[in-house]
Amino acid sequence: MNNEFSWSAAREARIDRAIDRAVREMMQVDPPPGLRRRVLARLNDANERRSYLLPRYAVAVMALVVLLASITLMRDRVEPPTPPKAPVMAIPAPAPTIAPVVPTELAAGPAARPAAEITRERIRMPRVTDVFGNRRNDVSAATIDLGRREIVVPPLTIVPLSARPIVIEPLILPPASKGGM
Amino acid sequence: MDQSTDCVTGTEPSAATDLDLVRLAQAGDVDAFGELVERNRRAVFRAALACVRSPAEADDVAQEAFVTAYRKLGTFRGDAQFRTWLLSITWRKAIDRRKSISRWLRLAVTPSRMETGEDSFDHMERVATSTRSQEDMFVDEELQQNVTRLIGTLPRKLRDALLLAGTGEHTYEEISQILGAPLGTVKWRVSEARRVLKKKLAALGYAYE
C-alpha cells in the first residue's frame, strides 16, 4: 500500500516536472538581438513618413475641397429658374348628373397643359380656413320659421381641399342576363 | 525648467528609474526611450510569445508595442508602473495579432509545428536562458513532447495564464493586470491548466487514475 502510494507520487512528480520543463522551454526564450535598434528605427521611420506625408495630405485635401466647391457652384448655375406658382382656383361643385365632370385642362388633352407647371418645387396649398362656407347662414333652430314651416337653406358651396379636380367615373352596368352570367 | 527634470537630466540612463526615463522620453528624448526598450524587451517579448506562440511573431508584436507605447507616452501619467502599462499594450497587440485574419490564413496555408502541437519553436531562434538540470535529464523525452503538444490544446484562458506564469518574467500580480482578471482567478487558471494537462496525460497512459 505504502509502496503503491510512493510510486504514484513519484509518477505525479515526474509529470509535474515534465509540465514545468515544457512551459519553461516554450517561454524562456530571449528576443532576437537588435530589438532596441529595430524599435528606434521604426520610430524614426514613422516620424519621417509623417513629416513627408503631411504636405501631401494637405494638398490632397485642398484639391478635394476645391473640387467639391466647383461642383456645387456648377450645379447652382445649371438649375433652371423657378416657375411662378400656378393660381389656385376654387372649383365649382359638380352638377348632380352621371356624366363625368372633366375639367377643361384635362379635356383639352395633355398638350394643352402648360409645360411650366412641371416643376420639382412643391406647390403650397392655400390654407382652407372655413370648409363649410359662411356659417352665419347655417341651418339651425333659430332659422326655422315655425309659422311658415319653411326652412331657409343657403346655397351649398363646396370648397375642395385639393386643387385636383374631382372626377366621377360614370357607372356603366352591363345588361342583365339570365342566370347572372 | 522643472526641478525634477533637471535632476533626471543629470543622471546616467542606467541609474535612472523607469519613471525618470519616461519623463525624458515624453520630453522627446528618444535615447531615454531606447533605454526603456532595453530594460523591458525580454518581458515584452515573452508576454507576446505567450499569446502568439511564435518567436518571429512575438518579435513583431514587441516592436509594435514599443512603437505604440512611444506614441502614447503623453497619456501615461505615472499612476501605474510603466512596465505594467507597457505589458498591457503588448498583450492587446498580441491578442489583435492572434485574431488577425491574415495570421489564420497563413497558418492554414502553412501550418506551423506550433499549431499542430509539435515542437513549438525553431531551435535556431531559441536562446534558452537556463540549462537543463541533471534531474531534468531523466524526464522521458516522449512525455515531454506530449506535454508540449497538449499545452497547445488547452483552452486559451488557461493556456495564456499557464504560459505567462512560466515566462519567469511576470509575477502573478502582473499577469493579473495584463489579463485584466483578478489575482485569484489567474492562480486558479494556472492550477486548472495543470490539472487538465495531467488528466489528458492520464488518458495517454502517463499516470495512474
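Q: How many residue pairs are in polar contact between chain B and chain A?

A: Twelve residue pairs, both at pLDDT 80 or more. A polar contact is a pair of N or O atoms within 3.5 Å; within protein, one must be able to donate a hydrogen and the other to accept it, and residues adjacent in sequence count only if both atoms are side-chain atoms. This is a predicted model: local features need pLDDT of at least 70, side-chain atom pairs count only at pLDDT 80 or more, and totals for chains, interfaces and linings use all residues. Residues are numbered from 1 along each chain, chains are lettered from A, and side-chain values use heavy atoms, leaving out hydrogens and water.

Q: Why is the pair R46(B) and D30(A) called a salt bridge?

A: The rule asks for a side-chain nitrogen of Lys or Arg within 4 Å of a carboxyl oxygen of Asp or Glu. For R46(B) and D30(A) the N to O distance is 3.1 Å, so the pair fits the rule. There are eight salt bridges between chain B and chain A.

Q: What makes K198(B) and D16(A) a pair that joins two chains?

A: Their side chains meet in a salt bridge at 2.8 Å, N to O. K198(B) sits in helix α11 of chain B and D16(A) in helix α1 (residues 2-27) of chain A, so two chains are joined. Helices here are DSSP runs (H or I, at least four residues), numbered from the N terminus.

Q: How do you know which residues of chain B are in contact with chain A?

A: Contact means heavy atoms within 4.5 Å. With that cut-off, 55 residues of chain B are in contact with 32 residues of chain A.
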